[in-house]
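Hi,

Here is the structure I promised to pass on. Have a look at it first, and then read my notes below.

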Amino acid sequence: MGSEDRGCCDKCAKCFIMVINIVIILIGGAILAAGLYWQLSDTGFYKEIFNHDIFNIPIVSIAVGALLLLVGLCGFFGACCEVLFLLKVYMGFLILIMLVEIILAVGCVAMKSEVEAYATNTTYEFIGYYGDETKDEEDLIEKTIDAIQENFECCGVTGPDDWPNYNPTRYNVGNKRTVPASCCKDPDSAGCNDDPISTNDNIYKSGCKISMMNFVENNLLYVGIIAGVIVILQISILVMTSKLRTTLEDESYENF
């Protein structure tokens with residue numbers, strides 16, 4: 001039996017695998033390019049924020065991007081050129097990735113407090129870099145924090161006092177404890193952040209940590225749906241690849 005004699009299911013499986021892996025190749029290439037840019041950039045923001053001794057984001061991005069690129073190429077050329085070896089390697093990668101995802105999910109649940117502490121401490125570090133052109137040359141930290149505080153209607157990590165505590169050079173001048181304008185209920189209002197925190201009723205009093213945790217809890221259903229779709233998609237890819245591999249093996253036996 002040749003490729004022209006295959007049923008609709010086999011042809012659809014081949015097309016599905018090729019299309020999915022084109023997307024994987026594009027995503028992997030983008031992540032790899034971003035990781036290389038961060039690693040090679042002389043910008044203070046990337047060097048100070050992304051390069052950590054324990055978790056080096058540029059190196060992780062390069063590794064993840066290269067892996068996705070390799071997986072995508074194996075899947076695409078394995079399906080397009082009908083190479084059994086590449087399809088078997090591709091299936092091995094898929095199974096390995098699913099196992100890693102399970103391990104990471106279990107690890108995040110088991111190490112919830114450690115992950116939360118790391119995220120909190122990193123955010124405090126960002127607050128200290130806020131407005132510092134030597135650490136935030138492209139204003140990415142400032143824009144990100146402003147967007148979070150305005151959209152979640154919050155201020156600081158645990159409250160407004162985080163600003164003078166962790167960025168005293170700008171927000172604790174002359175013992176006057178203030179906050180950025182993005183903490184204001186109306187950020188476009190001139191001077192809304194001029195008054196001291198203790199007497200300023202124009203700013204949000206709740207911290208962004210609680211606001212963001214509440215947001216996640218209120219949207220757990222959507223998070224679960226997205227996770228479920230990803231799992232179903234991965235299983236579908238694995239099943240389709242297995243189907244195509246079996247078809248190719250049967251054809252090779254018949255031709256032999």
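Let me start with the cysteines. C155 and C183 are joined by a disulfide, with an S to S distance of 2.1 Å. The pair links distant parts of the chain, with C155 in the loop between α6 and α7 and C183 in the loop between β2 (176-177) and α9, 28 residues apart. The torsion about the S-S bond is about 85°, so this disulfide is right-handed. C155 is buried, at a relative accessible area of 0%, and C183 is buried with a value of 0% too. Before you go further, keep in mind that this is a predicted model.

How many disulfides does a search of the whole structure find? The search turns up three. Another of them joins C154 to C208, S to S 2.0 Å. C154 sits in the loop between α6 and α7 (162-166), while C208 belongs to helix α9 (residues 208-218), so this pair ties together parts that are 54 residues apart in sequence. The link of C154 and C208 is right-handed, with 90° about the S-S bond. C154 has a relative accessible area of 0% and is buried; C208 counts as buried as well, at 7%.

Then there is C184 with C192, a disulfide whose sulfur atoms are 2.1 Å apart. Its S-S torsion is about 95°, so the disulfide is right-handed. Both C184 and C192 are buried. If you number the bonded cysteines of the protein chain in sequence order, the pairing reads 1-6, 2-3, 4-5. As for a cysteine outside this scheme, C80 is in no disulfide, and the nearest cysteine sulfur, that of C81, is 4.6 Å away. The cut-off for a disulfide here is 2.5 Å between sulfur atoms, so 4.6 Å does not qualify. C80 counts as partly exposed, at 35% relative accessibility.

One residue to click on in this region is Q149, which is found in helix α6 (residues 140-152). Is Q149 buried or exposed? Q149 is buried, with a relative accessible area of 2%. Leaving aside residues up to four places away in sequence, Q149 touches C154, C155, G156, W163, S182, C183, Y204 and C208. That list includes C154 and C208, which are joined by a disulfide, and also C155 and C183, which are joined by another.

Next, the salt bridges. The whole structure has five of them. In one, E249 pairs with K88, the closest N and O atoms being 3.8 Å apart. E249 lies in helix α10 (residues 220-255) and K88 in helix α4, so the pair ties together parts that are 161 residues apart in sequence. E249 counts as buried, at 17% relative accessibility, whereas K88 is partly exposed at 43%.

E249 also forms a salt bridge with R245, where the closest N and O atoms are again 3.8 Å apart. These two both lie in helix α10, four residues apart, which is about one turn of the helix. R245 is partly exposed, at 24% relative accessibility. Through shared partners, salt bridges join K88, R245 and E249 into one network.

A further salt bridge is R177 with D161, the closest N and O atoms being 3.4 Å apart. R177 lies in strand β2 and D161 in the loop between α6 and α7, so the pair ties together parts that are 16 residues apart in sequence. R177 is partly exposed at 27%, and D161 is partly exposed at 38%.

Now for two of the helices. Helix α1 (residues 8-40) has 33 residues and reaches 48 Å from its first C-alpha to its last, close to the 48 Å expected at 1.5 Å a residue. Its buried residues are D10, A13, K14, I17, I20, N21, I24, G28, L32 and G35. G29 lies in α1 too, and counts as partly exposed at 28%. The C-alpha atoms of G29 and A66 are separated by 7.4 Å, although these residues are 37 apart along the chain.

Helix α4 (residues 84-110) contains I95. This helix has 27 residues and reaches 39 Å between its first and last C-alpha, close to the 39 Å expected. L87, Y90, M91, F93 and L94 are the buried residues of α4. I95, on the other hand, is partly exposed at 43%. Together with L99, I102 and V106, I95 makes a nonpolar surface patch of about 370 Å².

Cheers

Key. Residues are numbered from 1 along each chain as its sequence is written. This is a predicted model: local features need pLDDT of at least 70, side-chain atom pairs count only at pLDDT 80 or more; totals for chains, interfaces and linings use all residues. Side-chain values use heavy atoms; hydrogens and water are left out. Buried means under 20% relative accessible area, exposed over 50%, partly exposed in between (1.4 Å probe, protein chains only). Contact means heavy atoms within 4.5 Å. The expected span of a helix is 1.5 Å times one less than its number of residues. Patches are made of residues with over 30% relative accessible area and no salt bridge: like charges are joined within 9 Å, nonpolar side chains (Val, Leu, Ile, Met, Phe, Trp, Tyr) within 5 Å. Accessible areas come from the Shrake-Rupley method with a 1.4 Å probe; for residues, only the protein chains shown count as cover. A salt bridge is a side-chain nitrogen of Lys or Arg within 4 Å of a carboxyl oxygen of Asp or Glu.
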